[in-house]
Amino acid sequence: MKMRKMVSYVFLIVGISSLYGCSRNPVTGKRELILMSQEQELAAGKEAHPSIVASMGLYENQSLQAFINQKGKAMGAISHRPDLPYQFFIVDSPVVNAFAVPGGYVYFTRGIMAHFNNEAEFAGVLGHEIGHITARHSARQQTSQLLGQLGAIAGTIALPEMGEVIQAGVGSLMLSYSRAHETESDEIGVAYSSKIGYDAHQMADFFGTLKKLSEASGQIIPTFQSTHPDPGNRQKKVAKLATEYQQANPGKYEIDRNEYLKRIDGIIYGEDPKQGFVENDMFYHPVLKFQFPVPRGWQHQNAPTQFQMAPKGGKAVMIFTLAQGNSLEEAAQATLKGMGLEAKDSQKTTINGNPALVVVSRQAPPQQQQGQPQQQQTAQNTVQVATWFIQYGGNIYAIHGMSYVADFDKYASDFKQVAEGFRTLTDREKLNRQPDRIQIKSVQRDGTLRSALEAYQMPADKMKDLEVLNGMDLKDPVTRGMMIKTISR
């Protein structure tokens, strides 16, 4: 019986190979098995885009958007897949990241745009991201994962005692694929940015900025480092690739520092207060005019669609979000249904003058499939949720406090304190809070970066941020008239 199952999985893998056949990779020229067609890539990107925009928002800057469109289209035209309908976006996030999804969608955060110091750095990362698309990394990763899963299933059936070992091996293989893709995209990024006239050595230098950013305490962690696993010393490898390319293709390669710095003059740096901000254990939303407390020591994350916070132990989480419905009862019913919860208790109340409905619910029992044993719900594996639905300012908000039943009582008072602390924001200083912005200034006299920043009265607690933003060390020399980044509000 085991042998028959093993053979059937082998035939399944062979059948998939026969159905799709091997296609030639547009970058490497090698024939390889790809289970995602170009039409499916386009559909995947089109489907993912609205969710990305909803979760991060778009950063409105017509001049900067026109710049990335121009360079992106130019690079797409000389890429290995010039027929794709490339689209480029700046998303409204302070984290330092750039990413691409299948079908030609490329995204830069305003955080990474603020950290580039010339057009060549931007072009290198642009080439890297387009490289993920042209080399079909998503499609190749999907294929590898599927075949890896099938192989693991087959191995588990054939040799049950070796199942965990095989699964671990497949996991290592997936990591090696990811690192191989990153190395390949670095190579492509060097070639693409060089082909449109930029010095790819600057791409290497930007990896130095990322390294500084990840090491600096109190900095926004560069998501680029987590979504783009480091295959080693990328800075040296990319610099070597750039040198080799320019030796083989002599020419003039641009950096365009001043031109780029002028483009980002005034860009928002860090959190944008209009999206909400945390200060002294309180979350404030100046646009929607409300506030609520954040338990001391809890970590938090803000996004356009929701605000999340959790204790460091990770045994509870609170989520603040907008609820859909014309009444508190309607919003509660729709929310519980959407989250797969069953109401255990509900009570109408008032929170600081606002109509509210408190609902305690639990995770609904999983649907039992025919032939499968019923999974028993216990206090350790069943989620309990307390939700405060609050009607305020023409909207209905939901504040969820979630934990397993076994831990719920431990966090119940925190949940209640947050929800009952929801109130109207009236502090004019908070209501009128403006974001920090990058301001481009000219160095007034020869000296060091530190002395130039001090001449513009940059505070001491901003020096490390400005060191990283400028892609320099504070002790590095600067000359009169040189452009540098400062931060102002």
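Visitor: What makes the side chains of lysine 430 and glutamate 279 a salt bridge?
Guide: The rule asks for a side-chain nitrogen of Lys or Arg within 4 Å of a carboxyl oxygen of Asp or Glu. Lysine 430 and glutamate 279 meet at 3.6 Å, N to O, so the pair passes that test. Mind you, this is a predicted model, where local features need pLDDT of at least 70, side-chain atom pairs count only at pLDDT 80 or more, and totals for chains, interfaces and linings use all residues. Residues are numbered from 1 along each chain as its sequence is written, and side-chain values use heavy atoms, with hydrogens and water left out.

Visitor: Which parts does the pair of lysine 430 and glutamate 279 tie together?
Guide: Lysine 430 sits in helix H14 (residues 428-431) and glutamate 279 in the loop between strands E7 (277-278) and E8 (282-285), so parts 151 residues apart in sequence are tied together. Helices (H or I, at least four residues) and strands (E, at least two) are DSSP runs, numbered from the N terminus.

Visitor: How do you know whether lysine 430 is buried or exposed?
Guide: Buried is under 20% relative accessible area, exposed over 50%, and partly exposed in between (1.4 Å probe, protein chains only). Lysine 430 has 10%, so it's buried. Glutamate 279, at 24%, counts as partly exposed.

Visitor: What about arginine 296 and aspartate 281?
Guide: Their side chains meet in a salt bridge at 2.8 Å, N to O. Arginine 296 is in the loop between E9 (290-293) and E10 (299-302), and aspartate 281 is in the loop between E7 and E8, 15 residues apart. Arginine 296 has 73% relative accessible area and is exposed, while aspartate 281, with 28%, is partly exposed.

Visitor: Which residues do salt bridges with shared partners join into one network?
Guide: One more pair on the way: lysine 348 and glutamate 329 meet at 3.2 Å, N to O. Lysine 348 is in strand E13 (residues 341-351) and glutamate 329 in helix H12 (residues 328-339), so this salt bridge ties parts 19 residues apart. The network itself joins Glu279, Asp427, Glu429, Lys430 and Arg433. The count comes to 18 salt bridges.

Visitor: Why does glutamate 121 have no salt bridge?
Guide: Lys and Arg count as positive, Asp and Glu as negative, and His and the chain ends aren't counted. The nearest side chain of opposite charge to buried glutamate 121 is lysine 485, 6.4 Å away. That's outside the salt-bridge cut-off. The side chain of glutamate 121 does reach the backbone nitrogen of asparagine 117 at 2.7 Å, and a polar contact is a pair of N or O atoms within 3.5 Å (within protein, one must be able to donate a hydrogen and the other to accept it; residues adjacent in sequence count only if both atoms are side-chain atoms).

Visitor: Why is H5 called roughly perpendicular to H8?
Guide: Axes are lines fitted to C-alpha atoms, for helices over the stretch in contact, with angles from 0 to 180 degrees between N-to-C directions. The axes of H5 (residues 119-134) and H8 (residues 201-215) come within 7 Å and cross at roughly 90 degrees. That makes H5 roughly perpendicular to H8, because 65 to 115 degrees earns that label, under 35 is roughly parallel, over 145 roughly antiparallel, and the rest oblique. Glu121 is among the H5 residues that meet H8; contact means heavy atoms within 4.5 Å.

Visitor: And what is H8 to H10?
Guide: The axes of H8 and H10 (residues 234-248) come within 8 Å and cross at roughly 175 degrees. So H8 is roughly antiparallel to H10.
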